[in-house]
Amino acid sequence: MLKKLVVAVLFLVTLTGMQVSVFAENHGEPPVKELEQQFSDLIYLEPAEDYEVKQYESLDQLEEAYKSIMVWPLADHYLDTYFKEENGNVYLIPTEGPIRLNPDEDYTLERISNDKYELTQEGKNPLRGEYTLTITYSYEAGKWVFGDRMDIVSSTENGGELPDTASSLPNAMAFGGAVMAVGALMLFSRRKSSFTN
Amino acid sequence: MKKIGILFLLTGFMVVAWSGYSLWQQTQAVTHTTDEVPEQFGNWEHTTYQQQLAVPAKKKMAEQTPETPDYTTGDKVGTLNIPRIGTQYEVYWGTGEDTLKQGVGMYDSQWTVTPDHPGHVVLSGHRETVFSQLGSLKEGDHLYASYDGNIYDYQIRDMWITDAEDRTVIVDKNKPTLTLTTCYPFDFVGSAPDRYIVQAELVSVETIE
């Protein structure tokens, strides 16, 4: 009887497992551990005493490495926050790094769509207290990359949302400038071609 | 081709002119007081630590406005003076998009209060127009909020950068605290990933004569 029950349970477990894999058939699940290791290697570069990063010759080179494992706005964010280039050398800005995933502890990996997964892990850190780490994985250009990473420190009471204090006007100005440039280019190229005629 | 070129040039010019004008108009919410710091803010250069007040203006407590004041979004509620960067701002009720176009907004929520209550006062402003110089403030600097017949003198305790999604800044406080928020990085164009926070504690209250 017990044997049969075990078999039945095992059968059910396999079936549920198969169903999940059928749903996510397109690209499978993101390689969480592997990506985390690559992220860790890129963020916690071993710098020299004066915080110079010797492994990379320029920020552009480092940017390429970052962009190979995450979407570009996220790569820009990490480069802006943690690195600077001076006299042709790359330096680490001495600050507390981002929270890393602890792959051996519990986390949930939720499938949002075939090319998007969201991972959540709760944790505690001596510096920042209790936190929630949320990682979004996106399937882009044939591989899984980080779409977003957020670590939110929780408090006993959740407070209000911080107001959006960025105006869109500088963007509008830049856009207008670009349109003007296109217009000028059209006029200029026309004049140039009429000269050659 | 020539006509299209001219059309592009004109359209572009109009967009630049319109957004430039709007931006300029929004910066007008700031009054520059660099030449002469108003008399009532005479102690602005004293940056040594002052004890925090536990309650704002004891005598006035009976006359204070109710916990949830009867303002409409966009109403002018007071002024903010920061002599360190030589600026004075009009403060309006609410921190929605329209209010922030007018100037500095006072946060209206269950966690925040007006300056006459012992709690958390939060003021927000656009990084490009009003709060562009918040980064040059230092610990110990004074922020003066004029509200309902009183001048509340706050002293800066801390400044930090946090994620735009952080919900641990705008929270309940049981002692009179003033927090300024704006977007960060200051020179970043477009919607910003971070916020710059300046937090100050109430150190004295004076009645405006």
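Among contacts in chain B between residues at least 6 apart in sequence, what share joins residues at least 24 apart? I looked it up, and the share is 66%, with a contact meaning that two C-beta atoms, placed from the backbone, lie within 7 Å.

A note on what I am reading: this is a predicted model, where local features need pLDDT of at least 70, side-chain atom pairs count only at pLDDT 80 or more, and totals for chains, interfaces and linings use all residues. Residues are numbered from 1 along each chain as its sequence is written, while chains are lettered from A and ligands numbered from 1 in the order in which they are written.

Next I went through the elements of chain B, taken as DSSP runs numbered from the N terminus (helices: H or I, at least four residues; strands: E, at least two). I found two helices and nine strands, in the order α-β-β-β-α-β-β-β-β-β-β from the N terminus.

Then I turned to the largest nonpolar core, a set of buried Ala, Val, Leu, Ile, Met, Phe, Trp, Tyr and Cys residues joined through C-beta atoms within 7 Å. Buried here means 20 or more other C-beta atoms within 10 Å of a residue's own, again placed from the backbone. This core has 42 residues, and B:L123 is among those with the most contacts inside it. β9(B) gives the most to this core, six residues.

Last, I checked where the chains meet: 47 residues of chain B are in contact with 33 of chain A. On the chain B side, α1(B) brings the largest share, 15 residues.

Technical notes
A residue is buried if 20 or more other C-beta atoms lie within 10 Å of its own, exposed if 12 or fewer, and partly exposed in between; C-beta atoms are placed from the backbone.
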